[in-house]
Amino acid sequence: MRGFRRGLKIAAIGLALVAAPVAAGNKLIPAGQPVAVAKSVLTVTPSVEWNRLSARPGRNSESWTFDGDALNDLTFYGGIEPEKTLFREVSKRNKPLPRIKATMLVTDIPTLVENSYRIALDTPLFTVEGMEPMAFAGKPGIRFTYSFTRPNEDLPRKGEGRGAMIDGKLYLITFEAPRLHYFDSGVAAFRQVADSAKL
Amino acid sequence: MRRGWGALAIAAALTMAATPLAAQEKTGNKPGFTLAPGTATIVLMRPSITVGAQSTGGSYEPNADWTDQARENLGNALAEAQGRLGNRVVNFVEPVGQGAAVAHEYRALFTALADLVQTYQFFPGNRLPTKKRGDSFLWTIGAEVAKLPGVQGADYALFVTTEDHYGSTGRKLLQLVAAGVGGIGVSAGVHKGYAGLIDLKSGDLVWLNADLAMGGDVRTPEGAVKRVSQLLEGFPGKPVETPAAPPTATKTTAR
Amino acid sequence: MAAWMIAAALAGAALGTGASDRLAPLPPYGAAYTPTTVDERGLWQQADEAERDLRDSPAVVRDAGLNGYLGKVLCRSVGEDRCRGVRIYVVRAPYFNAFMAPNGMMIVWTGALLRLRDEAELASVLGHEFGHFEMRHGLKTFRRGRTITDIIAWTGVLSPYSTLPVSLVQLHFAYNRAQETEADLLGLRYLAAAGYRSYAASRIWERLMAEEDATALGRKRRVTHRYAAGFFASHPTELTRATYLREAAGAEGERGDEARDTFLTAMKPWRAGFLADQIKLNDFGGSEFLLGELAGGQWTPELLMTRGELYRERGNPRDLVSAAQFYQQAIDSGCTDPIAWRGLGLSLLRGQQEAAGRAALKIYLEKAPQANDRAAMAMLIGEGGVQ
C-alpha cells in the first residue's frame, strides 16, 4: 500500500518551509495597558504580563505565551476576510485549508477551527466539546471548548475559543495548553483577555 | 498548535548548524534552591535513551544493539553515581493500568518542558522577555505530580534523556569535503542530553542541565560513566569531588 | 485448517505477461522468526517502540468486535499458521493505507475500512501486507534506502534531516516497486487459495485512481495517472498495478466469495464516524466521488445527509442550496439523525431563508435536547438571548 510516503512528505514540507533562521524579537506585553493585536482594530487589555512571540501563524494573527507555545498559547485572529484561511497553508496544493465565508454563522467558527487543525496537523484527533453563545467585543459571539492531540506527541491538549463574525470578517481568540496542569493554570488569564476585547 | 513546526525547526536548526552555538551547554537553577546532602529521597524516572547511527545523508538509523548496550551501561553508571549524589535515589517503578498512562503523560510533559527551557531560556537569541530577568528560572510541571502513582515517598524526581546518532564514516568525510569545498557547515553526529530535577511538593523544576554536545561513548561502560558525570554536573547538593574533568572554560571544545 | 493449501495450481504467476490462469501454491511457512542481523534488530526495536506507543495511543480503535472481525478475515486469508502472532491495530486516519512492520504488527487505517467494498477486498489488503512481512521486505528496503540517501548526499543535495520523535512516520517502510509487485502477487495467491474472489485486488486500485483524479480536479490540479512509475516512485502506479493484478487473477478472478454483507455488517457501527472524518478533510472532489461510490446508485439516508454535510462545509452560495436539498432528501427518505435537521437549518439560514431555517433548527432542538451545541443553536433561532 502507500506506506509512509505521504507522512514523510508532509513532514519534510513543513520543516523546509519553516526552517528560516530564528528571529530574535519576542516582545514583552506589559500588564494593564490596552494593546492592538493581530495587526487589526482588535484591542485587549491584559491584567498580567505576557510574551508576544515573533513568529505569527498568519498575516492577521499573533500569539502570546507565558512559558512557550507548547505549554500555553494565546492566539488572536483579527478580522480574517472571506476566502482567506485561518492561518498559513503549508501546502496549498496538497493540503488546502478551509476558507472563511462571509455567510458564516458563529456556530460555524468551531468547525472552521476543527477542520483547519485536522488538516494542518494531519490528525483526526480533534473534538469540539461544546459551544454556547457569549458576546465578543460587544457583539453576538460564541464560546467553544475543544481537545486535541498532536500526532507525534502523547500530550493531550485542551483549547477554548471566543469569537464572532463582525462585518463579514472573523475575529477569534484561542487559548491552548496541555490538559495536564497547564490549561487550568492559564485559562483564567485567557478569559480575562477575551472579556476585555474591544473593536 | 499549527505552529508545532516552529519548535521542530528550531530543533532542526540547533542540530544542523555547524557553527558552535553559544548555548551548547547550560544549566539552570531555581533561584534560592538548595538541597543539603542526606536530606531527601529522589526517584529516578526511566531514562529516555536513543542510540543509533547517522548515515551520510543525515538520516537516523536505529541500532538495537547499541541502544541495549547504552541502556545497560547508563543504568549501571547512574546506579553508581546515585550513591555519590549525596541523597538516596530509588528507581521509579512503572505503574500498571491507568497509572501507566498518567506516567506516560508526565514523561511527555517533562520533555515538552525541557525543550522549552532550552528554546526560550537557554538559547540566547530567542529568550522570552519574562524569562530574561536576573536569575529568573521559573518552570513547573504542576503540583499534581505528587499524585503520580510511584513517586509517593520521594521528595524529588530526576528525569534523564540522552540521544546519540553516531556519524558514519561517510558522514564525517562529507563533513570535511563540504567544509573544504564551500565552507558549508555539515554536522556529524548528534550527542545531546539533559537531566532535570523536579520538586515533588510543588512540581517546580529546580534544576536542568542540558548539553547539545556531550562526550562519552555510551556504548561502552567507561563512556557511559563519563556521560553520566556530564549529565549530573552541577547536580544540587552533590558533594564536591576531586576534579577529574577539565575546568569549565574548555567545555565547549570538541570532546 | 489448511484450506489455503487446497486447490492451488502448479504453474507460477507471471509478472504482467498476459493471462496466467493458474497461481502457484503457497510456500511453506517457517516457524517463528527472530531477527539476527544488526540492521534487522534495529528495525524490530523501532517497531517494538512504535507498538508500545500505539498501545496507549488515543488514535487506535480498540473495539473488540471490529478487531475480532479483521483477525478472522486475516486468518481465513493467509491461514492459521501465518496469522497466529499477528497483532492488528486499527488507527483512526482518514486515508487509504495499511502496512505491516517486521515485528508482526499490522496497522490498518480507518480510511481504508471506509473505502473497501467487501470482505474479499479487505482480505486482499491484509494479505498484501502480510506478503511484505513474509518476504521480509522491510529490511531489504532499509538497507537499500540507506545507500540511496548516501548517494543523494554525495551529489550535493542534503536530504531533509528529520528530528521527529519515534512515531509511525519514522518507520519508513517505503517498499520499492519490485517488492510491491511481489507482495501483490503473493496476496493474490492467498486470495485464490482462501476462496475469495481475486478480482477484488485490481478493483481497489481502479477506484483509488479515480478518487485521486477527483481530488485533483476538485483542487483544479492536473490529473496524473500515468502507466510507468517515475524513477523515485516507490509504488508501481496504480494503473500498472490494476492491470497486472487483473491479468494475474485471470480466469479464476470472477469466482469466489465477496462476502459483501458480512463486511458491511461489521462496518455499520463505524461508518458514520469514518464519514465524518472524511468530510472534514476539505477534499470536495475526492469526498464527492467516494460518496458516489459508496452509494452505488442507491443513496441511503445516511449518505444523503453526509452529502449535505460535504456541500455545507464548502459553503459557496450554490453549495448551500444543494446542501439544503440533500438534507431534505435524507429526511424524506427516512433519516432519523437530528444532524440532518441541524444541517438543513444552518444551510437555509446562511442562504437567507430565515423562517425555514429556524423551523428546521427548532426540530433539531426537539430531537436532540442534550446536544452540546444546544445553547448556540437556540441563540440562532432567537430563543436564547445573547449574553
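## Exercises on chain C: the sheet and helix α5

C:Met100 stands opposite C:Met106 in β4(C). The exercises below concern this part of chain C in a predicted model.

**Exercise 1.** Determine how β3(C) and β4 of chain C run relative to each other, and how many bridges join them.

*Solution.* Step 1: locate strand β4 at residues 105–109 of chain C. Step 2: count the bridges to β3(C), which number 3. Step 3: compare the directions; the two strands run antiparallel. The pair C:Met100 and C:Met106, the latter in β4(C), stands opposite each other.

**Exercise 2.** Establish the strand order of the sheet in chain C, and identify which strands stand at its edges.

*Solution.* Step 1: the order is β1-β2-β4-β3, in an open sheet of 4 strands with mixed pairing. Step 2: β1 (60–61) and β3 (98–100) of chain C each have a single partner strand, so they are the edge strands, and one side of each lacks a neighbour in the sheet.

**Exercise 3.** Identify which strands are covered by helix α2 of chain C and which are touched by α5(C).

*Solution.* Step 1: helix α2 (residues 64–78) lies across β1, β2 (87–91) and β4 of chain C, and runs at about 130 degrees to β2(C). Step 2: α5(C) packs on the sheet through β3 and β4 of chain C, its direction making about 30 degrees with that of β3(C).

**Exercise 4.** Describe the length of α5(C), its burial and the residue that follows it.

*Solution.* Step 1: α5(C) contains 16 residues and reaches 22 Å from its first C-alpha to its last, close to the 22 Å expected at 1.5 Å a residue. Step 2: the helix is mostly covered, with 16 of its 16 residues buried. Burial here requires 20 or more other C-beta atoms within 10 Å of a residue's own. For chain C, buried residues make up 46% of the 387 residues. Step 3: C:Arg136 follows α5(C) and has a positive phi, near 50 degrees.

**Exercise 5.** Classify the packing of α5(C) against α8(C) and give the composition of their contact.

*Solution.* Step 1: helix α5 (residues 119–134) and helix α8 (residues 200–218) of chain C pack at an angle of about 90 degrees, with axes 8 Å apart. Step 2: α5(C) is therefore roughly perpendicular to α8(C), a class that spans 65 to 115 degrees. Step 3: C:Ala120, C:Glu121 and C:Ser124 of α5(C) meet C:Ala200, C:Ala201, C:Arg203 and C:Ile204 of α8(C). Step 4: the residues of this contact divide into 4 nonpolar, 1 polar and 2 charged.

Definitions and conventions. Residues numbered from 1 in each chain as written. Chains lettered and ligands numbered in written order. Predicted model: local features only at pLDDT ≥ 70, side-chain atom pairs only at ≥ 80, totals over all residues. Axes fitted to C-alpha atoms, helices over the stretch in contact; angles between N-to-C directions. Parallel < 35°, antiparallel > 145°, perpendicular 65-115°, else oblique. Contact = placed C-beta atoms within 7 Å. Nonpolar A, V, L, I, M, F, W, Y, C, P; charged D, E, K, R; others polar. Buried ≥ 20, exposed ≤ 12 C-beta atoms within 10 Å, placed from the backbone. Pairing = 2+ DSSP bridges. Expected span 1.5 Å × (residues − 1).
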